[in-house]
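Biologist: I am new to this structure. Please take me through its pockets and one of its helices.

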Amino acid sequence: MTVCCAYTPEYQITNYRQGDYLLKYKLLALDMDGTLLTDQHQISPDTEKWLHKAMAAGVHVCLSTGRRFVDAVPFGEQLGLGTPMVTVNGSEVWRSPHELYRREQLDQSIVKRMHQMSRNHDVWFWADAVEGTYNEKNWRPELLEQNHWLKFGYHTEDHDLRHSLLTELQNIGRLEITNSSPYNLEINPAGINKATGIRTVCDLLGVRMEEVVAFGDSLNDLAAIQAAGLGVAMGNAQLAVQELADIVTASNNDDGIALVIRDYILA
C-alpha cells in the first residue's frame, strides 16, 4: 500500500547528517496494539528489520503504549531497545528499561467513584495499578487504598451506555479520557497522555518534538500524533485518527511502520 499523506517534501529544511543518511527525524514513538503489533500480537519480521535499520542510522525508537510496563517491556527487549519508554498512556515514563523516571497516579477517591459507576451501569471495567491489573473477577474493596492507581477503563459495545459513561466522566472533571478501541474508554489523570510522555522522553534524549514521528491507531494516540513533527495513522486506525494525522500508512498487519521508515525516515 502506498503511503498517503498531506505532508510535503518542501518542509524538509532542517535535515542533519548522521551516518549515511540525511535525517529529519530522530525519534520514532510507537504505539503497540494495532500499530507495532499485528493482530496476532507479534512484531512482523519486516517491521523489525526496518526498525533495526532506523536504529543503525541513529534514530531512537521508543515504545509509547497504553499497556503496563510488564506487558510492554518484552517487546522492547525483542527489539533490543535501551531507550526511554512511555507506558499506561503516559502515566509512566521510563528513563531506560527497568528505571522509572516519572509516575502520575489517579486519586483514590476518583477510582472509587469510577468503580461505582461500573457497578451502577453493570459494565465491564479494568483498572491498572502499579501492583497489577484488576477487574470484576479479582476486585476487592481493600484494593482502593492499598494500590497506586494509574489508569481506569470500561468496555462496552453499547454505544448509548458508552456515551452515558463518557458524560459522567466529563462531569467528574480532572480526567484525561481517551480510548484504545471504538468500544472502550480509558481514563488517566488530567493532562497525562502519550504526548506528555513523549515530550519527557524528548527531554531525556535531547530531541525536539518536531523531530518525532508518532504512530498510532486509536484516540489514546491522537495527542501524540498531533504534537509530533510527523503524525502517522495506521491504515486500521479509527477514522478520527486518520483524519487528524499527517499521513496514513498501511495497517498493522501490512508493515505500515516499515513503509514509513523506508519512505520518510531513510529515503
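Biologist: Which residues lie nearest the centre of the largest pocket?

Modeller: This is a predicted model, where local features need pLDDT of at least 70, side-chain atom pairs count only at pLDDT 80 or more, and totals for chains, interfaces and linings use all residues. Residues are numbered from 1 along each chain as its sequence is written, and side-chain values use heavy atoms, leaving out hydrogens and water. A pocket is an open set of points on a 1 Å grid over the protein atoms alone where a 1.4 Å probe fits, with protein on both sides within 12 Å along at least five of seven lines; lining residues have an atom within 4 Å of a point. The largest pocket has 25 lining residues, and those nearest its centre are Asp33, Gly66, Arg67, Ser180 and Glu186.

Biologist: Which element gives the largest share of the lining of the second largest pocket?

Modeller: Helices (H or I, at least four residues) and strands (E, at least two) are DSSP runs, numbered from the N terminus. Two or more lining residues come from each of α5 (159–172), β12 (175–178) and β13. The largest share, four residues, belongs to α5.

Biologist: Why do the buried residues of α5 lie on the same side?

Modeller: Buried means under 20% relative accessible area, and in α5 the buried residues are Leu161, Arg162, Leu165, Leu169 and Ile172. They are on the same side of α5 because the arc they cover around the axis, taken from the directions from the helix axis to the C-beta atoms, is only 100 degrees.

How values were computed. Buried < 20%, exposed > 50% of the residue type's maximum accessible area, 1.4 Å probe, protein only.
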